[in-house]
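Work through these exercises with the sequence and the 3D view side by side. Try each task before you read its solution.

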Amino acid sequence: MFDELLGSSRAALDGIDTYLNLVENRLARAAVTRLHSPRNSVVPGSITLVHGPTGTGKTHLALKTLADLTGRHPGLEYAYSSTRRLCEMMQRADEQQSVAELLERFSALDVLVCDDLHALEQTPSLQTWFEMLIETLERGSTQVLLLSRKPVGEIRSLDRRLVSRCHGGLCVGLPLPGLESRVQLFQHWFREMRLPILKPFVASARFLAERLPLS
């Protein structure tokens with residue numbers, strides 16, 4: 001179960017596209033630099049939360065951060081998962097009477113990236129397992145990066161203790177890209193995907209960015 005998680009985490013880093021440094025993601029990029037090195041027994045675990053609408057690049061930023069970290073520290077122990085999958089792993093471990101063993105393996109990680117925190121709105125019954133996991137990691141030295149479509153205080157039915165734990169860390173919003181950032185994104189995609197776009201790219205990118213105010 002845990003080994004499958006590690007395998008899928010490694011696979012998630014394959015083929016990551018170039019990450020563009022845009023004005024809108026400047027604060028989020030600065031926030032994830034907290035995940036800067038392998039575990040140190042002197043440094044306690046901490047929580048970093050990046051929230052923003054779908055399509056703002058939260059997952060891309062998280063995976064690019066993990067890829068950079070593993071490039072600098074080949075021995076880094078990490079995992080990337082959805083919130084629901086983590087909760088279901090904890091629940092299954094409870095059924096198998098192996099929660100302590102699973103928590104021990106999670107505690108050995110340097111970094112845990114947890115996507116879709118907002119999914120706990122739909123499955124409040126799983127919150128207990130997630131709180132138990134986060135509480136355990138905070139007592140150790142595992143750095144936790146949470147991703148959510150909503151600020152943690154706006155996630156319905158989320159336990160106040162979990163909200164407080166997140167607020168005790170670092171919470172940063174990631175807004176939708178503005179016009180100039182969309183122009184940069186279009187130019188990037190033209191080149192990366194080798195799209196048959198008439199040059200100059202800048203004019204074509206601005207034409208589309210003005211008409212397609214999308215993420």
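**Exercise 1. The overall fold**

How many helices and how many strands does the secondary structure of the protein come to?

Solution. Keep in mind that this is a predicted model.
- Step 1. Count the elements: there are 9 helices and 5 strands.
- Step 2. Read them along the sequence. The pattern is α-α-β-α-β-α-α-β-α-β-α-β-α-α.
- Step 3. Check the overall packing. The radius of gyration is 19 Å, close to the 17 Å that the globule rule gives for 215 residues, so the protein is as compact as a globular protein of that length.
- Step 4. Frame the model. Along the principal axes, the C-alpha atoms fill a box of roughly 60 × 40 × 30 Å.
- Step 5. Look at the contacts between residues at least 6 apart in sequence. Of these, 81% join residues at least 24 apart.

**Exercise 2. Inside and outside**

Find what percentage of the 215 residues is buried, and name residues with the most contacts inside the largest nonpolar core.

Solution.
- Step 1. Buried residues account for 44% of the 215.
- Step 2. Turn to the surface. The protein exposes about 11200 Å², and carbon and sulfur atoms supply 53% of that area.
- Step 3. Recall a general tendency: in soluble globular proteins, nonpolar side chains tend to be buried together.
- Step 4. Go to the largest nonpolar core, which has 34 residues. Those with the most contacts inside it are F2, L86, F106, L112, L117, F130 and L146.
- Step 5. Trace the elements that give two or more residues to this core. They include helix 1 (2–12), helix 4 (83–95), helix 5 (99–107) and strand 3 (111–115).
- Step 6. Find the second, separate core. It has 21 residues, among them V50, L61, L66 and V113.

**Exercise 3. A residue and its partners**

Which residues is L112 in contact with, leaving aside its neighbours within four places in sequence?

Solution.
- Step 1. List the contacts of L112: A79, L86, F106, L133, L137, T142, Q143, V144 and L145.
- Step 2. Pick Q143 from that list. Q143 lies in strand 4.
- Step 3. Judge its cover. The relative accessible area of Q143 is 10%, so Q143 is buried; the cut-off is under 20%.
- Step 4. Look for a polar partner. The side chains of Q143 and S46 are joined by a polar contact of 2.6 Å.

**Exercise 4. Two helices with a buried side**

Where do the buried residues of helix 7 and helix 9 sit around each helix axis?

Solution.
- Step 1. In helix 7 (residues 160–167), mark the buried residues L162, V163 and C166. They cover an arc of only 105 degrees around the axis, which puts them on the same side of helix 7.
- Step 2. Turn to the face away from that buried side. Exposed residues R161 and H167 are there.
- Step 3. Find the cover. It includes strand 1 (46–51), helix 6 (127–139), strand 4 (143–148) and strand 5 (170–173).
- Step 4. Inspect the start of helix 7. A side-chain oxygen of D159 comes to within 2.7 Å of the backbone nitrogen of R161.
- Step 5. In helix 9 (residues 201–211), mark the buried residues F201, A205 and A209. The buried residues of helix 9 fall within an arc of 60 degrees, so they line one face of the helix.
- Step 6. Find what they pack against: helix 8 (179–192).

Methods: Residues numbered from 1 in each chain as written. Predicted model: local features only at pLDDT ≥ 70, side-chain atom pairs only at ≥ 80, totals over all residues. Heavy atoms only, no water. Buried < 20%, exposed > 50% of the residue type's maximum accessible area, 1.4 Å probe, protein only. Helix = DSSP H or I, 4+ residues; strand = E, 2+ residues; numbered from the N terminus. Arc of directions from axis to C-beta. Contact = heavy atoms within 4.5 Å. Polar contact = N/O pair within 3.5 Å; in protein donor to acceptor, adjacent residues only side chain to side chain. Rg over C-alpha atoms; globule rule 2.2 N^0.38 Å. Areas by Shrake-Rupley, 256 points an atom, 1.4 Å probe, with all protein chains shown as cover. Core = buried A, V, L, I, M, F, W, Y, C linked by side-chain atoms within 4.5 Å.
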